[in-house]
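Biologist: Please take one strand of this sheet and go through it closely. I would like its neighbours, its two faces and the cores around it.

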Amino acid sequence: MELHKAFESLRSAGINEIVIVDATCERYGDFVQAAQSGEVGVHFCVDGRSAVRLSRRFRADAWLVASELPDMSGFDLLDMLSPHVMQGDVDPLLSGSRISLDRVGHGMRSGIFIVSDTYRLEDEQRALASGVAGYLVRPITLDVIRASRMPIEIATDASVC
C-alpha cells in the first residue's frame, strides 16, 4: 500500500512519463516497478543519440540523464536535448503549455536532471548553469524526483519580501 501512495503522489506532482538516459538500466529498479504497476510510464534510452531521437517526438515530465553515456557526455547531450524538451512546454503540437497565464507559478515544466555516480561541485555548477531542473547523485529514487517536481507557489502578497 505504501508503494501505491508514492505512485499517487507522482501523479499529483504532474509526473506521468519519465525518460531515463543511462546505459545501466538496472540502477532504476523502483522506476521499473512503478512502470510495471502502470502508475507511471518509464522509457529507457541507452545512449545520447537515441535520447535526441525520442525527444523530437515524445513529451515526458522528467528526463534523467546520466553524466556519462557510451556515445557522449551527458552534459554534451543537454545542448541537443534541451531545445526539444523545453519547446515541448510551449509547442501546441507537443501537448501544449502546462502553465496557463491565470496560474503563473503553479505549473511545472518538463525537467531534465543530470545524474552522476559521485558528487562533484564542478559538475553541479555546470549542470545548474545549463538550466536543467537539477543535479542528482545516485542512488535516485522516485521520491527524489517527486519532491523535486512539486510546484512552488509564488508569493503575490506585496508585504512578503
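Modeller: Here is a close look at strand E3 and its surroundings.

This is a predicted model, in which local features need pLDDT of at least 70, side-chain atom pairs count only at pLDDT 80 or more, and totals for chains, interfaces and linings use all residues. Residues are numbered from 1 along each chain as its sequence is written, and side-chain values use heavy atoms, with hydrogens and water left out.

Start with the sheet. Its 5 strands are ordered E2-E1-E3-E4-E5, in an open sheet with parallel pairing. Strands here are DSSP runs (E, at least two residues), helices are DSSP runs too (H or I, at least four), and both are numbered from the N terminus. Two strands pair if DSSP finds at least two bridges between them. The edges are E2 (41-45) and E5 (134-137), each pairing on one side only. From one strand to the next, the twist averages 20°.

Now E3 itself, residues 62-66. On one side, E3 pairs with E1 (residues 17-21) in the parallel sense, over 4 bridges. Trp-63 is the bridge partner of Val-19. Ile-20 stands opposite Leu-64. E3 also pairs with E4, again in the parallel sense, over 5 bridges. There, Phe-113 in E4 is the bridge partner of Leu-64.

Next, burial. Buried means under 20% relative accessible area, exposed over 50%, and partly exposed in between (1.4 Å probe, protein chains only). In E3, 5 of its 5 residues are buried. In a regular strand, side chains alternate between the two faces of the sheet. Ala-62, Leu-64 and Ala-66 take one side of E3, while Trp-63 and Val-65 take the other. Both faces are covered.

What lies around them? Helix H2 (residues 29-36) packs on the sheet and touches E1, E2 and E3. Contact means heavy atoms within 4.5 Å.

Then the cores. A nonpolar core is a set of buried Ala, Val, Leu, Ile, Met, Phe, Trp, Tyr and Cys residues joined through side-chain atoms within 4.5 Å. The largest has 22 residues, and Trp-63 and Val-65 are among those with the most contacts inside it. E3 is one of the elements giving two or more residues to this core, along with E1, H3 (48-55), H4 (74-87) and E4. H4 gives the most, with 5 residues. Leu-77 is in contact with Val-65, and with others including Val-21 and Ala-51. A second, separate core has 18 residues, among them Leu-64, Ile-15, Val-40 and Ile-140.

Methods
Axes fitted to C-alpha atoms, helices over the stretch in contact; angles between N-to-C directions. Lists of a residue's contacts leave out its neighbours within four places in sequence.
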